Amino acid sequence: MESETSDVMNRSDDDDLPSLQADSGIGIDDSSVLNGCIFLFGRQYRDWGPAKENCEQYFCPNDEQELERLDIQHHAFLVLMDNKLHFAPVSTTSPINVLDVCTGTGIWAIDVADECPRWDVKGIDWAPMQPAWVPPNIKFEIDDLRRLWCYNNIFDYIHTRATIYMGCWKDFKLDVIHQAFNGLQPGGWFECQEIGGLVECDDGTLPSDAPLTSWARALNIAGSKMGRPRDVSGRISEWYKEVGFVDVQQHALKMPIGNWSQDTRMKEAGSYWKVSMERALEGLSLRLFNEAFGWELADITVCRLFVVLVEIGMLIPSSYVRHYSIASDKISGTHLFTPTPKSL
Ligand SMILES: C[S@@+](CC[C@H](N)C(=O)[O-])C[C@H]1O[C@@H](n2cnc3c(N)ncnc32)[C@H](O)[C@@H]1O
C-alpha cells in the first residue's frame with residue numbers, strides 16, 4: 001500500500017487527472033473533448049487540440065471504417081466467449097446500474113441492454129459514434145474518461161473492453177481501475193476484457209522477426225514512447241489487487257488470428273479476428289508511427305503494413321493474441337489507493 005501511495009504521489013502535475021465539475025457525471029471543464037475531428041492520412045481522427053501536451057492522445061481513427069471494424073471485433077469477442085457478454089456473475093434479472101467504459105459504437109452496451117431489460121446501462125465514449133435508435137434502458141454520454149470520474153458508489157457493474165491494446169490509457173491502474181473501484185457500490189463487479197499487445201504462436205511457425213510480430217512490437221514501442229503503453233493487459237489482475245480488490249478472477253483465452261483452429265468456436269472467432277486485425281492495421285499504425293517515429297505515410301503503408309497484411313493473409317497456424325478477462329467484486333476489498341490531493 002505504501003508503494004502505491006508513493007507511486008501516485010510521485011506523479012507530476014501534468015500527469016494528474018484534472019479535477020472536474022461534479023455536475024455532468026464525469027464532468028467536462030473545457031471543450032477539448034468536443035473539439036471535433038481532423039483528417040490525417042485519409043482517415044478521420046479526434047482532434048486533440050491543445051490537450052496534446054497533457055497526453056490526452058488517442059491514436060486510432062473514429063471514422064466509418066473504424067466503426068465497422070469495431071462491430072466485427074465485437075463478434076470475435078462474442079464467439080470466443082461462447083456468446084457470453086460477460087463472465088462476472090452479475091444478476092441479469094435485477095435492476096442494476098451498469099457503466100461501459102469507452103463504449104465505442106456501443107455494440108456491447110446495446111447487446112447487454114437488450115439481453116437484460118432491467119439493467120440501466122450507461123455507455124461513455126469521447127467520440128459521438130453511437131446509434132440513436134437504442135433500447136430504452138441505455139444512455140450514451142460523451143466524455144473524456146481519463147479525467148476524474150465523479151461517480152462514487154453508483155454502479156453495480158463496470159465493464160471495459162479492447163481499450164488497452166488500442167492505447168487508450170496512460171496509466172490503466174490510475175485512470176480506470178482506481179476510478180472504477182470508487183464508482184462501484186459495495187458488492188459491485190468490475191470486469192475487463194482486454195487484449196495483449198503481442199502476436200504469439202506456440203509451435204514456432206511465426207518467427208520473432210516475422211513482419212507480424214515485428215509490427216506488434218513496433219506498436220508497443222511507439223505506444224510506450226507516446227505515453228500510451230499497450231502491452232500491459234497481463235498486469236491487470238495485479239493492479240486490481242493493488243487498488244484493493246481481493247478475490248480477482250482471471251480467464252486467460254487465446255484469440256486465434258485466422259481460422260486455423262480445429263475447434264469450431266475458435267475457428268469462427270479467429271475468422272472474425274483476422275478480418276478485424278486486417279482492418280485495424282492502418283488505424284493502429286498510421287498516426288502512432290508517424291508521431292512516435294516520424295515515419296511518413298508511404299513508408300508505413302508500402303514498406304511495413306503491406307508485408308504484415310500479406311502475412312496475416314497467409315494464415316500462420318497457431319498465431320494468436322491473448323485475451324484477458326478479469327473480474328472482481330468490491331465487497332472483497334477495501335480501497336488501498338490514495339489519490340493525490342490535486343485529483344481530489
Ligand atoms: C477499440 S474502441 C473499444 C470500443 C468498445 N469498448 C468495444 O469493445 O466495442 C476504444 C474506444 O475508446 C474511446 N476512447 C479512447 N480514449 C478515451 C477517453 N479518454 N475517454 C473516452 N473514450 C475514449 C475511443 O473513442 C474508442 O471508441
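This is a short talk on one strand, one ligand shell, one helix pair and two unusual backbone angles.

Okay, hi everyone. Before anything else, keep in mind that this is a predicted model.

Let me start with strand β10, which covers residues 319-329. Ten of its eleven residues are buried, so the rest of the structure largely encloses this strand. Which strands does β10 pair with? Take strand β9, residues 249-256: β9 and β10 run antiparallel with eight bridges between them. If you want a residue to click on there, Ala252 has Tyr324 of β10 as its bridge partner. Then there's strand β7, residues 184-195, also antiparallel to β10, with seven bridges. On that side, look for Trp189, which sits opposite Asp329 in β10. And strand β8, just residues 200-201, adds an antiparallel pairing with β10 over two bridges. There, Glu200 is matched with Tyr320 of β10.

Right, on to the ligand. How many residues surround it? The count is 20, and the closest are Cys102, Gly104, Trp126, Leu145 and Arg161. The elements that contribute two or more residues to this shell are α2, residues 64-80, and α3, residues 107-115. As for chemistry, the shell breaks down into eleven nonpolar, five polar and four charged residues.

Since α2 just came up, let's stay with it. For two packed helices, the usual description is the angle between the axes plus the distance between them. For α2 and helix α7, residues 264-293, the axes come within 8 Å and cross at roughly 155°. Angles over 145 degrees count as roughly antiparallel, and therefore that's the label for α2 and α7. The crossing of α2 past α7 is left-handed.

Last bit: backbone angles. Most residues other than glycine have a negative phi. Here are two with a positive one. Asn83 has a phi near 65°, and you'll find Asn83 in the loop between α2 and β3, the latter being residues 97-101. Ala162 has a phi of about 55°, and Ala162 is in the loop between β6 (155-161) and α4 (172-183).

So is Asn83 buried or exposed? Asn83 has 8 C-beta neighbours inside 10 Å, so Asn83 counts as exposed. Ala162, on the other hand, has 21 other C-beta atoms within 10 Å, and the cut-off for buried is 20 or more, so Ala162 is buried.

That's what I had. Questions welcome.

Methods. Residues are numbered from 1 along each chain as its sequence is written. This is a predicted model: local features need pLDDT of at least 70, side-chain atom pairs count only at pLDDT 80 or more; totals for chains, interfaces and linings use all residues. A residue is buried if 20 or more other C-beta atoms lie within 10 Å of its own, exposed if 12 or fewer, and partly exposed in between; C-beta atoms are placed from the backbone. Helices (H or I, at least four residues) and strands (E, at least two) are DSSP runs, numbered from the N terminus. Two strands pair if DSSP finds at least two bridges between them. A residue is near a molecule or strand if its C-beta atom, placed from the backbone, lies within 6 Å of it. Ala, Val, Leu, Ile, Met, Phe, Trp, Tyr, Cys and Pro count as nonpolar, Asp, Glu, Lys and Arg as charged, and the others, Gly among them, as polar. Axes are lines fitted to C-alpha atoms, for helices over the stretch in contact, and angles run from 0 to 180 degrees between N-to-C directions. Angles under 35 degrees count as roughly parallel, over 145 as roughly antiparallel, 65 to 115 as roughly perpendicular and the rest as oblique. A crossing is left-handed if the near helix is turned anticlockwise from the far one by less than a right angle, and right-handed if clockwise.
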